[in-house]
Amino acid sequence: LRTPSVEAVADLLTRRDGVDPPMALYAARAAQSHVGLARRLARDEHARIRRHDVIGLAAKIDSVGEAIGAASDIMTIATEESVAASSERDAAERARLMEVLGADPSARTQPPHIRSQLSSLEKEQKTRATRFTRDVIDRALVDLLSVYRDALVLRSGAGTALVNEDSRQVVQRVSDVFEAQALLRAMDAIGTARERIGANVNPLLALEAMALDLRLPR
């Protein structure tokens, strides 16, 4: 299997999902030809705002305080998106379960067997929310990684199209202050954070360690 071209993904979004061509091209490039992510970026303004905010962090991390703040920002973005994505679904699942069990939603207390079922559902929902939050963090780190990739492209003069053409000012800033080896180390730091979070390390601690390695040289 091979990765489809940006143009092919953009064409798919236009033909299949009715996305305007300019938006389809932006989404396909920003998602690095990942069809599912491209579709989400094209159709979800909040996802585009989240991505823009994450990318902007690369040009702001110039101190320990900014590094800790950037890690907190990524964590907050992921948590808020997780809550937004799951709150309605969780409420609908609870209501459906109550209906199946024949429970009275207005009752102040429920029989033991209903409380047990509700407790199991809540644990399942919490696990799902945690997994979703980690997925959002990983997507944010992929977006952040693309900034340093683009900065390396600019430094090398490779002439390859930028993933973040819409955020060229941020990419240019990172390219101007980081040497090529420092850009590679920054990319390694992001990769390490992704591995740690995938191995169930506390996400905020992994993000803080990463952000400290992404500080702009003085």
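User: How many Å apart are the mean positions of the positive and negative charges of the chain?

Analyst: First, a heads-up: this is a predicted model, where local features need pLDDT of at least 70, side-chain atom pairs count only at pLDDT 80 or more, and totals for chains, interfaces and linings use all residues. Residues are numbered from 1 along each chain as its sequence is written, and side-chain values use heavy atoms, with hydrogens and water left out. Lys and Arg count as positive, Asp and Glu as negative, while His and the chain ends are skipped; each charge sits at NZ of Lys, CZ of Arg, CG of Asp or CD of Glu. With 31 positive and 31 negative charges, the gap between the mean positions is 3 Å.

User: Which element has the highest mean pLDDT?

Analyst: pLDDT is the predictor's confidence in each residue, from 0 to 100, and the chain averages 90. Helices here are DSSP runs (H or I, at least four residues), numbered from the N terminus. The lowest mean, 88, belongs to α5 (residues 64–101), and the highest, 97, to helix α9.

User: Which helix gives the most to the largest nonpolar core?

Analyst: Such a core is a set of buried (under 20% relative accessible area, 1.4 Å probe, protein chains only) Ala, Val, Leu, Ile, Met, Phe, Trp, Tyr and Cys residues joined through side-chain atoms within 4.5 Å. This one has 37 residues, with L141, Y148, L207, M210 and L214 touching the most other members. Helices supplying at least two residues each include α4 and α9. The top giver, with eight residues, is α6.

Definitions and conventions:
Buried < 20%, exposed > 50% of the residue type's maximum accessible area, 1.4 Å probe, protein only.
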